[in-house]
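Biologist: Before we get into details, could you walk me through how the chains of this complex sit together, starting with whatever definition we will need?

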Amino acid sequence: MSTLAAVAVDPPKIEYAELSPMLLVFGAAIAGVLVEAFTPRYLRKSIQVPITIVSLIGAFVLTVWLGLRGTRDAAAMGSVAVDGPALFIWGAILLLAVVSVLLINDDDQFVAQAAAVPGSADEDRAISEGGAHTEIYPLVLFAVGGMLLFPAANDLLIMFVALEVMSLPLYLLCGLARRRRLLSQEAAMKYFLLGAFSSAFFLYGTALLYGFAGSVDLAAIAKSLGSVAGQDSLLFMGAATLAVGVLFKIGAAPFQAWKPDVYQGAPTPITALMASGTLIAAFGALLRVFWVALGNLDTEWIPVLWAVAILTMVVGAVLAITQTDIKRMLAYSSIAHTGFLLTAVVATGNAGQNAGALSGILFYLLAYGFATVGAFAVVTMVRDAGGEAGHLSRWAGLGKRSPVLAGIFTLFLLAFAGIPLTSGFFGKYAVFSAAVAGGATALVIVGVVTSAMAAFFYVRVIVLMFFSDPAPEGPTIAMPSMGTAAVVTLSAAATVVLGVFPQPVLDLAHSAAQSLFVR
Amino acid sequence: MEPAEIVQHSGGVIGASWLMIALPLLGAAILLLTGRRSDRAGHLLGVAMSLASFVVAVLVFFELIGLGADSRRRVVELYDFLPSGSLDVKMGLLLDPLSISFALLITGVGSLIHIYSIGYMAHDPNRRRFFAYLNLFVAAMLLLVLADNYLGLYIGWEGVGLASYLLIGFWQHKPSAAVAAKKAFIVNRVGDMGLALGIFVIFTTFGTISYAGTLPLAGNASTGTLTLISLALLLGACGKSAQVPLQSWLLDAMEGPTPVSALIHAATMVTAGVYLVVRSGAFFEGAPTAQLVVTIVGVVTLLAGAIIGTAKDDIKKALAGSTMSQIGYMMLAAGLGPAGYAVAIAHLIAHGFFKASMFLGAGSVMHAMNDEVNMRRYGGLASVMKITWITFGLGYLAIIGFPLLSGYWTKDGIIEAAMEHNQILGWLAVLGAGITGFYMSRLFFMTFHGRRRWEEGVHPHESPAVMTWPLIILSIGSVFGGAFLILGNRMFEFLAPAVGRPEEAPTVHAISTIGLVTLAVVAVGAVYAWLRYGRAAVPEVAPRGSFLTTFARRDLYGDALNEALFMRPGQWLTRIAVFFDNRGIDGLVNGLAAAIGGTSGRLRRVQTGFVRSYALSIFFGAALLVGAWFVVGNL
Amino acid sequence: MPWLSILMGVPVLGALAVAAVPKGNDRLAKQLTLAVSLVVLALTLAMAFQFDPAGPRDQFAEVYRWIPAFGVHYAVGVDGIALVLIALAVVLVPIVVLASWHDADRPDARRSVKTYFSLILVLEAMMIGVFAATDVFLFYVFFEAMLIPMYFMIGSYGGAQRSYAAVKFLLYSLFGGLLMLVAVIALYSMAGKNTFLFPELIGVIKDPTAQKWLFLGFFIAFAVKAPLWPFHTWLPDAAAQAPAGAAVLLVGVLDKVGTYGMLRFCLELFPDAAKFFTPLVITLSVIGIVYGAIVAIGQTDMKRLIAYTSISHFGFITMGVFAMTADAGAGATLYMVNHGFSTGALFLLAGFLIHRRGSHHISDYGGVQKVAPVLAGTFLVAGLSSLSLPGLSTFVSEFLVLIGTFERYAVPSIIALSGMVLAAVYILWMYQRMMTGPTAESVKALPDLNVREKIVIAPLVALLIGFGFFPKPLLDVINPAVKQTLTSVNVTPFAPAVPATAEKKGAGQ
Amino acid sequence: MTTHYLVLSALLFAIGGIGVLVRRNAIVVFMCVELMLNACNLAFVAFARQHGNLQGQIIAFFVMVVAAAEVVVGLAIIVTIFRTRRSASVDDANLLKY
């Protein structure tokens, strides 16, 4: 007793204000769980949706507030970095999360009773009861919370935890598609097993780096790189396996295999969330790992990432050419875009260049996020008897059946292709120019060649929609729900605005990137 | 003596000489733009414009005469045509004895042919268009001879090419006509390449392309340059004047209506080459080699044309052959330098008269014989169409050089000049004269004498006055023209300011030894012709004839040669190029695309759908990463 | 008064208005489009009259910061070269609109008519912008963005092979454009001036190696656009499949962006590299001239034939650009304009024929001259302009290019001369096959040009003849600009072998 | 001293990894993943001992918790799949491919 009392334990100092966005989201998530527990089924949705949206918007507001307040430091005993990039990424994630939730708010997408066997009696009953899993909302909130924490984590442990907090709900959400449930469940399982597998690598890397540095704090690791000697094998091993974990999350080759399957199988709103939010979060984490923790090791990892980037771009572009499923094609295109983003990651140098590259990446992520969410939103609207009309052939002649929708989708495709006057162009320009400034011109040339290839399959979809005649009994265009319509218009607007007048956002990204990451 | 200096001029009739070109051009424009509306009066407008132009020419001529001999080279600035970096072309007209004599010939003979055409084309629904083209031709031809710089000449040069194209192909519904027209244009284009090249070299040498800025300076340029210029220009001249090797188009050109053959392919356009050579004399005189080539081309052509003329049964083709040959004479003379220029131009003008009269005569005959051109279906026409017979006869006598008629003076002048210059050339020219005597007599007798070999249902009759009067006027020219120009060296003295002159003028004598020899040779040819085609009966279908005959009939295999050398290889080249473009270049591109697609298709298979294989890829990926890291780290 | 912004704004607004026209009312849409395009034409003329050839380089200049982060400006302004090309564009647009009055509303294709016309207007705005841009980045933006409307015009309203042709066109150009993007980025970071303003980038890149690479980046993009042999194979497909009007704008104006870019950017930004690569470029050009002509002779489809003739003509233009003499430069620029008119007329007339007979195979025609003399006549004039007959404006430009090239590179110029003969072959042979000879059964009932079509062709013919005899107005505008360009390339001006001083002596004798 | 533990953990990690690759039954595969996590834990603890700080041990606890959470989610997914397919073999589920 006394001995125990003798030991003075000073309580950890937590800057709750700086963590408020995350806390709000997590709090709302827990509240959601309680709602599930204690309110009657018919009420749940009408409670969950407001909670989710309000909390997300609230979190966004708080983020903005933090930004205005000029917060730039490592909170919670330096384990959570609330710095410029983190705030920008938070803002981006929260915005896209709100948008995605508007998509998710559409029962038709989600299974009535996940436990029910497809085609079985009790599934029919569940459907007839019109029930829906309102658990998806807290799950989404948890995932978003994870996404917020992942890029802000300033030590590897937090990063690991965040990784799991982000991933686990997504594993579940992937399995909740209402139609084509076999695919959905398969996607969930694949995502889960591979995710767990890769996170094991991440953890092992963490362990080794801990062994090397004696700490999992990113700054400490960075410092130790200079001081510790003779442990290279430990260091390299650890760094490499750690890299596996993050590269898996962003879906860089050769760790991209999960992306097409999961994107195709998951419910489209969830795909949208993953393609936008997860990617952004993962990139934030990736940057922290490589720039902060392994910053002084760049001579070693830059060549490695060069290879990875080239491989990723090529694999994404080449494989996408022959895809026949729209979601699968978008998955490959997202792989290609990951590759484009990586060209800026390797473009490190002096602080100025880093800031340039960072702001480029941030802008790209935001632009791409909006475009991709919008694209998936359109995908949800093109349906036929068996749900969404995934197969490209079904999209033939869409331009004649509903010009507006096809036009908007074309806009997104052009943005992906990086045509000027769309957001994608400036994104591409930002990262490529950063890469050139960082001396990665060769990489950029690979980048443009692959984006020329990539352009081919975007263009192919346009050809299908506009130049080929509609198939008889083609897909019907679902009358978009308020949410979906809002999402599409919002994303389209963002794509155009960022494409014509990107300066404000560029400034924002720039000021966010100026301070780089806190150490 | 050097040519007189070129001086600016303004005001007076000379100042208004641009009307010569403008009027016919205007006529053409009106006739083409108003379309069918002007069908009724169109031809009259055409004639009026041509005559007006002639009047202006005459007035200019007299004003020019009025000036002192040494100030007869006047430039009339029109406007700043082509201001560019270093090339700055001011469009202007050069009025000097040379250009004005051409202008007179063109407008004079041109007007007569216009008038003649009223009758000849009376029944053609597109007569208006015909006159529009004729006017266009006159305008272009005048620009050619009047321009004061090579670019202007070039524009007129291709302008007459266009007019000739349009007129040869006037009866477009006849495929043969269309083909002939195209052939004429393309062959001419080959010549034009030469002309253009010549202009380029002139420009790069002198920094300008106006006559005033270049010709007087010719002496400052190296002989090599001058030779290059001259040969390039000669190529152009060959194209336009149907000289070997670019002669092949002229015979086909007879597909056009006969007045066209008379105006363009006998009297005026085909002489443009001679004009070019004489005009550019300063260059040629600086390049003896080039001059030699000119004379050789001339002789070869005059023989070739004559030989072709001997074998043709188509009256127009025969005349075309003779045209070639006569222009050969002119070329030969033009190649002799100042000594030859005058006589060349004199022969050119005389030839303009008698050849035009004969072509129109031939037209009149065809008119009478329902457009029959085969002389083997003629015969004995002398009695039924007197005027045509007489006028044609005079022209015939003139061309074979019957004493005291035009050809006698001008052609002998050429032969003598050639003799003095080079014996071989001279004797070949004499030989040519002999052949001329033969084939022209053949033509004349086959057409107007001997047994009547008409198709049944043909009732020849004399042509209307509107057609015969021009014949009469032209024949007057062909009788006296030569004497007028040659006696007292009139042409020589008149041209001197324009083309310069050797120190002593050639002595003109009515009877010279060479003249007599020539006469004898011609007589032999004529008599032989009379024996074969005048007295003896002419078979109605051409006998197979000897190898030589076929050789001549086939235009000395000129076309066969072109076909073998250019057409066939060209066709092959085209096919190959098209194939290469589709399969080669485009194939490469599409192949690349296909390759990428194929790779993609095969690579997809790697995505087996088995989660464990994905895990494997992650595992190996991790291994690779670790490996790479160690490799890089230990570098 | 912000002339250029207005010139771009009017068509954009017009396009929106046309797009807003209620569905059934195609006629109104067409009339609106025509009106707008005419307004633009009028405005352009008004601007052109205020243009001072002797004045400063960029006139009517406007410079606003657009994206400071990238040093990008919305900067427009015209010199003589840009002015005439803009004029070309705005002259062609109303003609094209009137010509393609019925192109979009074919009964078989259920395609929106008004979209077609609003696309034309959007394209017009971009064409003006690309020539007016004085900021390299802005130029690039237009350069790429232009592809999209043209892509849709070909793809949605073209012939049987339209989607293949459209995709080919887009990918070719996009590929070139992306290479150019790399060069643009590199140029920016190497110049290190934090600006894309063209005037400030002249002569900044000194390092020869860098110049060469950047030059290639720009050049390939332009060579694909122009198109220069061997990057040309997209053009015949695109031009043959596009509706006649679109083909005119594509070959007449869009492709000029390539040659314009060479003259403006490749030469002025990378003079040393340009000189280094000149032999190569001239060789390619000469090959293109002869090759294009020969392949054209072998075509059986009239639109493809015309496309190949254009490839030959673009050879002349690039040759003139890279000859780097005042004459050749002026000639090349003038060539861009004249070629627009001449090929425009040819494509439109071909379009009329195809519209009547429903076939673009030369062999399906014959003796048209007899039934439709005006059509045949204008076709002949257009054809003659394509073989650059003296008296038509195309001759002036071709002559200038050839003589200007001859000043520095005699042999290529001589080889190029053969293009004259080949041109005569392909044009006259096509005319012979289609217009002369006995009238084919299928065209017995072929109607002659109607009033609308006459109104379409008349101005083109007038321009061809007018500038053929009096090119001075254009040349006076072009010459100073070309001189300006050549001074920043600093090439030694041409001097004749026999100096003019000798004239006194020669004349004195 | 530490190295033995590290070798052991490496072995465990490798065994787990190989297991994931070779075993078909989803449950077993998943257990292999857990094995890998525990290998990591061993390493953490070993290092903690070496460095003489508690971080490693604390992390181990975190990892266990996370692993537990993973089990929950994982089993849920696997069970649903099993219910629909009547098989827990990971190889049966390959509708999504190419």
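Modeller: Two residues are taken to be in contact if their C-beta atoms, placed from the backbone, lie within 7 Å. What we have is a predicted model, in which local features need pLDDT (the predictor's confidence in each residue, from 0 to 100) of at least 70 and side-chain atom pairs need 80 or more, while totals for chains, interfaces and linings use all residues. Residues are numbered from 1 along each chain as its sequence is written, with chains lettered from A and ligands numbered from 1 in the order written.

Biologist: OK, so which pair of chains shares the most contacts?

Modeller: There are five pairs of chains in contact, and among these chains B and C share the most contacts. Their interface draws 55 residues from chain C and 50 residues from chain B.

Biologist: And on the chain C side, which elements supply at least two residues?

Modeller: On the side of chain C that touches chain B, the elements that do so are α12 (271-297), α14 (326-357), α15 (368-371), α17 (393-408), α18, α20 (472-489) and α21 (502-508) of chain C, where helices (H or I, at least four residues) and strands (E, at least two) are DSSP runs numbered from the N terminus.

Biologist: Which one gives the most there?

Modeller: That is α18(C), which gives 11 residues to the side of chain C that touches chain B. By class, this side of chain C has 34 nonpolar, 14 polar and seven charged residues, with Ala, Val, Leu, Ile, Met, Phe, Trp, Tyr, Cys and Pro counted as nonpolar, Asp, Glu, Lys and Arg as charged, and the others, Gly among them, as polar.

Biologist: Switching topic, how far apart are chain C and chain D?

Modeller: The closest C-alpha atoms of chain C and chain D lie 25 Å apart, and no contact joins the two chains. Chain D does touch chain A, and the interface takes 35 residues from chain D and 34 residues from chain A.

Biologist: What does chain D use to touch chain A?

Modeller: The elements of chain D that give two or more residues to the side touching chain A are α1 (2-22), α2 (26-51) and α3 (55-85). Of these, α3(D) provides the largest share of that side, with 17 residues. The chain D side that touches chain A is made up of 26 nonpolar, seven polar and two charged residues.

Biologist: What does the UniProt record list for chain D?

Modeller: The unreviewed UniProt entry lists residues 6-22, 27-47 and 59-82 of chain D under "transmembrane region", in the numbering used here, with feature names shortened and annotations that may be inferred rather than shown by experiment. In the model, residues 27-47 of chain D are 100% helix and 0% strand, and their end C-alpha atoms are 30 Å apart. Residues 59-82 of chain D are likewise 100% helix and 0% strand, and the end C-alpha atoms of that span lie 33 Å apart.

Biologist: How confident is the predictor about chain D, on average?

Modeller: Chain D averages a pLDDT of 91, and 99% of the residues score at least 70. For the complex, the predictor gives an ipTM of 0.91 and a pTM of 0.93.

Biologist: Back to chain B, what does UniProt place at residues 147-436?

Modeller: An unreviewed entry in UniProt places the feature "domain: NADH:quinone oxidoreductase/Mrp antiporter transmembrane" at residues 147-436 of chain B. That span of chain B is 76% helix and 0% strand in the model, with end C-alpha atoms 35 Å apart.

Biologist: And at residues 82-131 of chain B?

Modeller: There UniProt, again in an unreviewed entry, places "domain: NADH-Ubiquinone oxidoreductase (complex I) chain 5 N-terminal". Residues 82-131 of chain B are 58% helix and 20% strand, and the end C-alpha atoms of that span are 31 Å apart.
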